[in-house]
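User: I would like a close look at strand pairing in this model, and then at what lies around it. Could you explain each term as you go?

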Amino acid sequence: MTVKITIDGQEVNARAGDNIVDVAAQNGVYIPTLCYTRGKPCLGTCRTCSVKVNGSVMAACTIPVREGMEIDVNGDEITDMRKALVELLFAEGNHNCPSCEKSGRCELQATGYEVKMMVSRFPYRFTPHPVDHASRSIWLERDRCIFCQRCVDFVRDKETNQKIFSINGRGTYARIEIDVELANKMPADQVREAAELCPVGCIIDKTQGYDVPIGKRKFEVKSIRERALGGGHR
Ligand code: SF4
Ligand code: SF4
């Protein structure tokens, strides 16, 4: 069924039930996301895709379109709200892009550019997050985790379907954990996929690093906005 909605005042037709992020992209309007990635179920954890729907702030990836919806993506207030959310993610972790293996391929870094972030308006917390290098092929650089839950939900043991990653604790004490025994069974291609799936440089594949020269890295070749509007972030 087709419904009529407006996005930033423009009337568009959409398939009922599609989420707002996808419908906006189909109509050339970019909404940043860090947990949602097209083709995977919505997680709704990062809120970076916040928009106003009929005046209320909602996470666009979690909302299916319905007849008559009025969606504000690029109004000043909601644009600044999304920017503040990205700034919070930088303030909560410890990010040092120039030395990070994911630099140039990192969705958080690329989104920071898209929302025109220069520096976080929030105080940096500098919470220590110990690294975990116990598994044979994965290095967990916890300073950079944004708790999107992609790895938790989408990376599973191929034989048993058990989760390999989990989040332990809450708030400041939350940390991403890895089941070392299951991680050690992961084939090389699954390790690589997990490192790619992580939107930041938290899951690092120990067998590769800094492979692509500066200037040719993923988001330097094609921005995250172009990728999102072209049918996917990754
Ligand atoms: S994870 Fe992304 S934002 Fe964080 S240091 Fe690495 S490149 Fe920078
Ligand atoms: S390790 Fe990466 S994929 Fe997993 S929750 Fe943290 S940021 Fe998300």
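Analyst: Let's start with the vocabulary: two strands pair if DSSP finds at least two bridges between them. Strands are DSSP runs of E with at least two residues, helices are runs of H or I with at least four, and both are numbered from the N terminus. Please keep in mind that this is a predicted model, in which local features need pLDDT of at least 70 and side-chain atom pairs count only at pLDDT 80 or more, while totals for chains, interfaces and linings use all residues. Residues are numbered from 1 along each chain as its sequence is written, with chains lettered from A and ligands numbered from 1 in the order in which they are written.

Now for the sheet itself. Five strands form an open sheet in the order β2-β1-β5-β3-β4, and their pairing is mixed. At its edges are β2 (10-15) and β4 (56-59), each of which pairs on one side only. Direction ignored, neighbouring strands of this sheet are turned by 40° against each other on average; the axes behind such angles are lines fitted to C-alpha atoms, for helices over the stretch in contact, and angles run from 0 to 180 degrees between N-to-C directions.

Let's walk across the sheet, beginning at β2. Strand β1 (residues 2-7) runs antiparallel to β2, and six bridges join them. In this pair, Thr2 stands opposite Arg15 of β2. The hairpin of β1 and β2 has two residues between the strands, and Asp8 takes a positive phi near 50° there. With β5, by contrast, β1 runs parallel, joined by two bridges. Here Ile7 has Ile71 of β5 as its bridge partner. Further along the order, β3 (residues 50-53) and β4 run antiparallel and are joined by four bridges. Lys52 is the residue opposite Val57 of β4.

Ile71 deserves a pause. This residue is found in strand β5. A residue is buried if 20 or more other C-beta atoms lie within 10 Å of its own, exposed if 12 or fewer, and partly exposed in between, with C-beta atoms placed from the backbone. Ile71 counts as buried because it has 25 C-beta neighbours inside 10 Å. Leaving aside neighbours within four places in sequence, Ile71 is in contact with Ile5, Thr6, Ile7, Ile20, Val51 and Val53, where contact means that the two C-beta atoms, placed from the backbone, lie within 7 Å. Ser137, on the other hand, is 44 Å from Ile71 in space, C-alpha to C-alpha, and 66 residues away in sequence.

What lies against the sheet? Helix α2 lies across β3, β4 and β5 (70-72), and runs at about 150° to β3. The same helix, α2 (76-92), is among the elements that cover the buried residues of α3, along with α7 (218-221) and α8 (224-229). Helix α3 (residues 107-114) is largely enclosed by the rest of the structure, because seven of its eight residues are buried. Those seven are Glu107, Leu108, Gln109, Ala110, Thr111, Gly112 and Glu114. Just after α3, Lys116 takes a positive phi of about 60°.

Two residues of α3 also bring us to a ligand: Leu108 and Gln109 are among the residues surrounding ligand 1, which include Cys97, Cys100 and Cys106. By class, this shell has five nonpolar, five polar and two charged residues. Around ligand 2 there are 14 residues, of which Cys145, Cys148, Cys151, Cys198 and Cys202 come nearest. A residue counts as near a molecule or strand if its C-beta atom, placed from the backbone, lies within 6 Å of it.

One of those cysteines, Cys198, is in contact with Ile203, as are Ile138, Leu140, Cys151, Ala194 and Ala195, leaving aside neighbours of Ile203 within four places in sequence. Ile203 is also one of the residues with the most contacts inside the largest nonpolar core, together with Val21 and Ala24; that core has 52 residues. Helix α1 (residues 20-26) supplies the largest share of this core, five residues. A nonpolar core here is a set of buried Ala, Val, Leu, Ile, Met, Phe, Trp, Tyr and Cys residues joined through C-beta atoms within 7 Å.

Terms used. Nonpolar A, V, L, I, M, F, W, Y, C, P; charged D, E, K, R; others polar.
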